[in-house]
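These are my notebook entries on a structure that is new to me. I set down what I looked up, in the order in which I looked.

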Amino acid sequence: MPAIVLVGAQWGDEGKGKATDLLGDRLDYVVRYNGGNNAGHTVVIGAEKYALHLLPTGILTPSIVPVIGNGVVVDLGVLFGEIDLLEARGIDTSRLVISANAHVITPYHTAIDKVVERFLGAAKLGTTGRGIGPAYADKMSRVGVRVQDLFDTKILRQKVDSALKPKNQLLSKVYNRKAMSVDAVVTELLGYVERLRPLVADTPLLLHRALADGKIVLLEGGQATMLDVDHGTYPFVTSSNPTSGGACTGSGIAPTQITRVIGVLKAYTTRVGAGPFPTELDDEWGERLRSVGGEYGTTTGRPRRCGWFDAVLARYATRINGLTDLFLTKLDVLSGLERVPVCVGYRVGGEVVDEMPMTQTDFHHAVPVYEELPGWDEDISLARSLEDLPKNAQAYVEALEEMSGARISAIGVGPGRTQTIQVRDLV
């Protein structure tokens with residue numbers, strides 16, 4: 001069976017957890033392939049609401065094997081804290097598998113992340129301060145600690161000692177912070193070993209065999225397209241590749257085994273943290289979207305910046321990821337609007353363009369060009385087919401589909417597990 005990739009098509013928080021949950025009982029494996037506990041997926045099951053940060057959303061479905069892939073950076077304290085919270089709520093987490101090649105976020109990564117962000121002041125990037133960037137930096141500098149290193153104390157100590165020598169100089173002499181002890185870091189990491197050991201596997205081999213046996217594997221990205229370190233709004237991005245290309249390197253699955261790429265995007269646009277955002281609304285309309293849509297970060301709790309739907313971004317995400325399908329979420333948030341603006345292009349330096357500007361400078365100064373579509377007053381939360389939607393809501397979906405360049409195969413009309421219109425099969 002082929003693998004399916006699920007990516008965010010905007011700046012994150014699009015509702016990827018809802019999309020994964022919709023596919024739930026059809027899937028055999030769900031793999032997180034990038035990021036760390038800076039991601040946040042919210043899944044609502046009946047009266048229960050689950051906020052997942054590091055664990056794949058497949059953890060909530062008993063028939064699915066959830067996998068943390070080699071492309072993820074793992075804060076072990078956060079991981080086991082999240083597991084404990086789910087177990088306390090009756091969720092069986094024993095199926096979880098973690099790649100031996102995943103990198104570990106250490107105490108010195110979080111310390112450096114926080115102090116550097118504070119030092120930047122007004123120029124800060126808006127990181128979550130969870131050590132994600134420094135962990136990826138060590139990975140690329142080839143001084144990172146991998147999960148498998150925790151099972152060899154000698155290697156672990158050598159790696160921590162080697163990494164801490166320059167970092168302690170940085171902490172103490174540049175940022176006037178206390179140097180960190182090698183012994184303390186090693187002791188903390190070794191404290192997770194016995195609990196970690198039974199969860200660790202050669203996950204690329206595991207997934208290869210699963211696909212050979214006819215299993216369905218979903219590759220689930222953290223963050224989203226516009227936060228990709230290569231293809232997003234650099235430098236206001238994450239430190240990994242949440243786009244579909246990152247699914248291969250972050251899981252060990254070959255690109256020839258992927259035949260479907262599903263992009264998730266809201267019926268409007270949001271982002272958290274600093275960086276350019278052409279359709280951002282600093283007025284009562286932005287506050288309305290935030291209030292009605294509950295736009296506060298799952299991981300950080302920060303209020304999300306809100307704006308109208310950006311078709312330029314949607315086309316870009318379709319092209320970069322090779323999207324075959326779109327899952328449009330939160331259409332219900334737009335109910336009650338007389339007119340709904342959609343950004344169809346940007347005015348850049350006196351010229352109107354309908355594709356992403358090449359440079360950061362042009363994108364930062366891009367002024368949205370809007371087309372207004374008729375709104376609707378009806379409550380659509382009970383709609384379960386396209387025909388159940390008001391005519392204007394149907395027309396809005398059709399317009400977004402044409403502008404985005406990929407078919408809309410599912411539509412979210414509320415936060416609940418069943419509040420989804422499935423236009424066509426996603427598996």
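What volume does the largest cavity have? I note before answering that the model is predicted. The largest cavity has a volume of about 60 Å³.

**Entry 1: the cavity**

I looked up how many cavities of 30 Å³ or more there are, and the count comes to one. I then listed the residues that line the largest cavity: Lys18, Asp21, Leu22, Thr42, Val43, Val44, Pro415, Gly416, Arg417 and Thr420. By character, this lining divides into four nonpolar, three polar and three charged residues. Helix α1 (16-23) and strand β3 (41-45) each supply at least two residues of the lining.

**Entry 2: helix α1**

Is α1 largely enclosed or largely open? I found α1 to be largely enclosed by the rest of the structure, because seven of its eight residues are buried. The buried residues are Lys16, Gly17, Lys18, Ala19, Thr20, Asp21 and Leu23. I noted that Lys18 and Asp21 appear in this list and also in the lining of the largest cavity.

**Entry 3: strand β1**

I turned next to strand β1, residues 3-8, which is mostly covered: six of its six residues are buried. In a regular strand the side chains alternate between the two faces of the sheet. In β1, Ala3, Val5 and Val7 point one way, while Ile4, Leu6 and Gly8 point the other way.

Which strands pair with β1? One is strand β11 (residues 258-266), which pairs with β1 in the parallel sense over six bridges. Isoleucine 4 has arginine 260 of β11 as its bridge partner. Another is strand β10 (residues 217-220), also parallel to β1, with four bridges. There, valine 5 stands opposite leucine 219.

**Entry 4: leucine 6**

I chose one residue of β1 for a closer look, leucine 6. Its relative accessible area is 1%, so leucine 6 counts as buried. Leaving aside neighbours within four places in sequence, I found leucine 6 in contact with Lys16, Ala19, Thr20, Tyr33, Leu218, Leu219, Glu220, Gly221, Ile262 and Val264. Among these partners, Lys16, Ala19 and Thr20 are buried residues of α1. Leucine 6 and valine 264 lie 258 residues apart along the chain, and their C-alpha atoms are separated by 7.4 Å.

**Entry 5: the nonpolar cores**

Which residues of the largest nonpolar core touch the most other members? I recorded Val217, Leu219, Leu331, Leu334, Leu389 and Tyr396, out of 55 residues in that core. Helix α13 (residues 391-404) gives the most to this core, with six residues. I followed up leucine 334, which touches Ala267, Tyr268, Leu289, Val340, Trp376 and Tyr396, residues up to four places away in sequence not being counted. There is also a second, separate core of 38 residues. This second core includes Val72, Leu96, Val160 and Leu164.

**Entry 6: strand β16 and its partners**

I then examined strand β16, residues 339-348, which is mostly covered, with seven of its ten residues buried. Strand β14 (residues 309-310) pairs with β16 in the parallel sense over two bridges, and phenylalanine 309 stands opposite valine 342. Strand β18 (residues 367-374) pairs with β16 in the antiparallel sense over eight bridges. In that pairing I found tyrosine 346 opposite proline 368.

Strand β17 (residues 351-353) also runs antiparallel to β16, and three bridges join them. Valine 348 stands opposite glutamate 351 of β17. How many residues lie between β16 and β17 in their hairpin? I counted two residues between them, and glycine 349 in the turn has a positive phi of about 60°.

**Entry 7: arginine 290**

Lastly I looked up arginine 290, which has its place in helix α10 (residues 284-293). Is this arginine buried or exposed? Its relative accessibility is 16%, and the limit for a buried residue is under 20%. Arginine 290 therefore counts as buried. Neighbours within four places in sequence aside, arginine 290 is in contact with Glu295, Tyr296, Pro303, Arg304, Arg305 and Cys306.

Note on methods: Residues numbered from 1 in each chain as written. Predicted model: local features only at pLDDT ≥ 70, side-chain atom pairs only at ≥ 80, totals over all residues. Heavy atoms only, no water. Buried < 20%, exposed > 50% of the residue type's maximum accessible area, 1.4 Å probe, protein only. Pairing = 2+ DSSP bridges. Core = buried A, V, L, I, M, F, W, Y, C linked by side-chain atoms within 4.5 Å. Contact = heavy atoms within 4.5 Å. 1 Å grid on protein atoms, 1.4 Å probe; cavity = no way out; pocket = protein on both sides within 12 Å on 5 of 7 lines; lining within 4 Å. Points joined across faces, edges and corners; volume = space filled by probe spheres on them. Nonpolar A, V, L, I, M, F, W, Y, C, P; charged D, E, K, R; others polar.
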